[in-house]
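Visitor: Please show me the model, and then let me ask how its descriptions are arrived at.

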Amino acid sequence: MDLSYGPEYEDFRSDLRVFLEKHKHKSPLAGMGMRGHPGPFERDWQALLIENGYTCRTIPKKYGGYGAEPDILKTVIIQEEFTSANVNSGLSGQGIGMLVPTLLERGNDDQREKYIRRTITGELYWCQGYSEPGAGSDLASLRTSAKVEDGHFIINGQKIWTSSAHFSDMCFILVRTEPDKPKHEGISYLLMDMKTPGIEVRPLVTMTGAAEFNEMFLTDVKVPVDSIVGERGEGWHVANTTLKHERGMLGDPALLLGRVESIIKILQHEKLNGRPLMEHASYLDRLVAAQAKTEALKFHALRLLSQTLNNEEPGLNRFIIKFYGTELARELSDIALEALGELGTLYDGSPHLRAHGSWQVRNMFDLGLIIGGGTSQIQKNIISERGLGMPREPKLAKAN
Ligand SMILES: Cc1cc2nc3c(=O)[nH]c(=O)nc-3n(C[C@H](O)[C@H](O)[C@H](O)COP(=O)(O)OP(=O)(O)OC[C@H]3O[C@@H](n4cnc5c(N)ncnc54)[C@H](O)[C@@H]3O)c2cc1C
C-alpha cells in the first residue's frame, strides 16, 4: 500500500511551509476556539489565508472563496501543516463550518450571494439554533413553532445550548411549521437575523469560566418567508446536511496528531525527580497507548479519504471519527494536564502558564465536544445498530 501523497502534493506542502514560515508572526493564537466576534486582526489573517488558498479553498470565487477544484489530499496537507506549525488555520465556527456548505448544497442563489462572502470573511458570525430543553439527542421532537402571517414566519419558543449566540449576527434555526405532520416532516430551516425584536439571549457560563453557549427565548420573532432554506417541512433533511459537516469538523485526526507531537515536547521538557517525564514508564506507557490510537484514527481517516476520492458514500465512518476523535482528544488533553502538574491547574492569564493555558481550556472544552454534535452514546447506538447489525434499542412506550 502506498501511503505517500506523490510529488505534486509534496511540492504543495513545501510551498505551504514557506508561506507559514514567512507569515506565521501575523497569526492569531491557534487552538483557542472563538470567544468573541472576529475582529480586524482575525479577519486580516483570514483574508490572507483565503487569498493563498489555505482556507475556504473550494468555495467559488464569486462568493469570495479561493475557487479551487476540490482536492481532499490538499485539504489534508493544509490541516497537517497548520497543526504541526501551531498556526491558526483561519476562522472557524458554525457559519463557516456548517452553514456555508449547506447553502452551497441546498440554498438558493440569492441566499448564497447574500451570505457566503460575508460569512467567510468574518463580517457575519452565525449560531446554530437546534437544541431545545426537550429536544437534544431526539432533535426531531423540537417544539419551537413558526406560523406564516403577512409574508413572515412568526417564531415562538425556546432554544438552549446555542453556542456563540451572545455575539452572533445571524442564526440558522430549526422550527416546527407543520404541526400536523409526522415529527420529521414538520420542520423548516430558517435564517434569522439576531437583531430581530423578540429574541432574548441569556448566556450560560461553563466550567471554563466563560459564557460559551446560551439560552435563547423567542417571542413573536418575525422572519421574512424568503429566509427559508429548502421547502417548508424539509428542514430535517437540510439540518442533516449541516450535521454531516459538523461531524466532519469534530474529532479531526490531523489536529490530534498535532496534539501528540505537543505532548511529546511537554514530556521532554517537564521533569519529575530531576528526570524528564519521558523517562518515566508511567507517562511513556500512556503516551504510546494514546499515540497508537491516534495513528489508528489517522488510518481510519485515510479510509474515509479513499472513499471520498472514489465518490463512495462514507456512511458510518463519519460517526466513528466523531465518536472516537472527540473521546481521544479528551484523553490526550488529560495526559498533557497531568504532565504539567500544578501548572496544569492554571489558566486565564496566570504568569506561569505554558502554551497560553490552551491545554487547560481545551481539556474542559473537549468534554463539551463529546456531547455537542450528537453524544458518544448516540454515536455508539448508530454505529452498533446500522454498522454492526446489533438489535435496535427498545423505544419508550408511547403515553396514551
Ligand atoms: C459545548 C456544546 C456546544 C453546543 N452547541 C450547540 C449549538 O450551538 N446549537 C445547538 O442547537 N445545540 C448545541 N449543543 C447541544 C447539543 O447538541 C446537545 O447537548 C446534544 O445533542 C445532547 O442533547 P441534550 O443535552 O438535550 O441531552 P439528552 O438528549 O437529554 O441526553 C442526556 C444523556 O442521555 C443520553 N441519551 C439520550 N438518548 C439516548 C439514547 N437513545 N441511548 C443512549 N443514551 C441516550 C445522552 O447520551 C446523554 O448522556 C451544544 C452542546 C455542547 C455540550
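The conversation below takes up the ligand shell and then a pair of helices.

Guide: This is a predicted model, in which local features need pLDDT of at least 70 and side-chain atom pairs count only at pLDDT 80 or more, while totals for chains, interfaces and linings use all residues. Residues are numbered from 1 along each chain as its sequence is written.

Visitor: What makes a residue part of the shell around the ligand, and which are the closest?

Guide: A residue is near the ligand if its C-beta atom, placed from the backbone, lies within 6 Å of it; 20 residues surround the ligand, and the closest are Y130, G136, S137, G368 and T375.

Visitor: Why is the ligand said to lie between domain 2 and domain 3?

Guide: Domain 2 (126-233) and domain 3 (250-387), with bounds from an automatic or database domain assignment, both give residues to the shell, so the ligand lies between them.

Visitor: How many residues of the shell are polar?

Guide: The shell has 13 polar, six nonpolar and one charged residues, where Ala, Val, Leu, Ile, Met, Phe, Trp, Tyr, Cys and Pro count as nonpolar, Asp, Glu, Lys and Arg as charged, and the others, Gly among them, as polar.

Visitor: Which residues of α9 and α11 meet?

Guide: With contact defined as C-beta atoms, placed from the backbone, within 7 Å, F319, I320, K322, F323 and E327 in α9 meet S376, Q379, K380, I382 and I383 in α11. By class, this contact has five nonpolar, two polar and three charged residues.

Conventions. Contact = placed C-beta atoms within 7 Å. Helix = DSSP H or I, 4+ residues; strand = E, 2+ residues; numbered from the N terminus.
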